[in-house]
Amino acid sequence: MNVLKVPARTIAVFVLPCLLLYICLVFVPIVVSVYDSLLDWDSINKAKFIGLDNFKTILTEDTNFWPSVRRTLMYSVFSMLEIPICLFIAALMNRYVRKANTLVSLYFVPVILSVVIIGQLWKTIYNPTEMGGMLNGVLTAIGLESWTRSWLTEPKVAMYCLYFVSLWQYFGYHLLIQYTGVQNISSEIYEAAKIDGAEGFKSDWYITYPMAIPIFKISIILAFIGSLQAFDLVWVMTGGGPAHATDTISMHMYNMSFLSLKYGYGSALATILVMICLIFTVVINFVFKKVEAKYS
């Protein structure tokens, strides 16, 4: 079979513009941020080079940094909890639901809504007052009045409220990814397995789930890395409060950069966040490489 060979110059013509755009929008800001992290700069006065002092202060003296890291990691872990559920539901829909695309589209609606709309919607649901608090109203109506509380103003509860909203918002997103992956599994494999006596949940266990691992990995990476950068939903719903109880790394970075005018310090936080994202991406890929090798 003759294979058409495309000249390298032609490939470069199509790839180079996108590559340059990607470098300008991604790598250049990262390099600038790393450089700024070595400065003591308030964006007004002349910047002063201080080396790694910002990082030293963050790691040893910043009382808000390590709690924000813990909350951010918890945010990422919670964001992954729904992915196995999405895979399970996708397998069921693929087998039993006719025109499942319509159902998946309905689940996808929260994903396309503005974060501001979602934040304001759930602030109304969590509202502790009788006039606006739907959640407290429902709990009271079913006899669980003792469970009612000021959801977004209690430090021990507020972060879990944000976790739940994030799970609700992106459930349809991960369901779509998993459903697409399940649909791409050849029906001939299931037919061959049926001849050998594997069907229903047994075929899912030995065929669907192992073959969906590459797509499952994509969802895990997107959910984990996306949650590490959580900012918009936190800003809309709590602003990092009460008393910094919902501060994430991105929220802490915003406060230090734009409210305290410590741009060098904020850039150091951003650099640490990028490093955390890279480390976890490598770790997740390494783990799934071992899993894929096991089931290949």
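This is a short tour of the structure in your viewer, moving from the whole protein to a few cysteines.

Begin with the complete protein, and keep in mind that the model is predicted. In a cartoon view, follow the chain through its secondary structure, which comes to 13 helices and 2 strands. If you then show the C-alpha atoms and turn the view along the principal axes, they fill a box of roughly 75 × 70 × 30 Å.

Next, display the contacts between residues with a separation of 6 or more, where pairs 24 or more positions apart in the chain account for 70% of the contacts.

Now switch on the surface. The accessible surface of the protein comes to about 18,000 Å², and carbon and sulfur atoms hold 68% of that area. Of the 296 residues in the protein, buried ones make up 38%.

With the surface still in view, select the charged side chains. There are 20 positive and 18 negative charges in the protein, and the mean positions of these two groups are 7 Å apart.

Finally, select the cysteines. How many disulfides does the structure hold? The structure holds 0 of them, and C18 lets you follow the reasoning for one cysteine. Its closest cysteine sulfur is in C24, and because the two sulfur atoms are 12 Å apart, they are too far from each other for a bond, given that a disulfide requires sulfur atoms within 2.5 Å.

While C18 is selected, is this residue buried or exposed? C18 counts as exposed because its relative accessibility is 55%, and the cut-off for exposed is over 50%. Move on to C161, which is buried, with a relative accessible area of 4%.

Definitions and conventions: Residues are numbered from 1 along each chain as its sequence is written. This is a predicted model: local features need pLDDT of at least 70, side-chain atom pairs count only at pLDDT 80 or more; totals for chains, interfaces and linings use all residues. Side-chain values use heavy atoms; hydrogens and water are left out. Helices (H or I, at least four residues) and strands (E, at least two) are DSSP runs, numbered from the N terminus. Buried means under 20% relative accessible area, exposed over 50%, partly exposed in between (1.4 Å probe, protein chains only). Contact means heavy atoms within 4.5 Å. Accessible areas come from the Shrake-Rupley method with a 1.4 Å probe; for residues, only the protein chains shown count as cover. Lys and Arg count as positive and Asp and Glu as negative; His and the chain ends are not counted. The place of a charge is taken as NZ of Lys, CZ of Arg, CG of Asp or CD of Glu.
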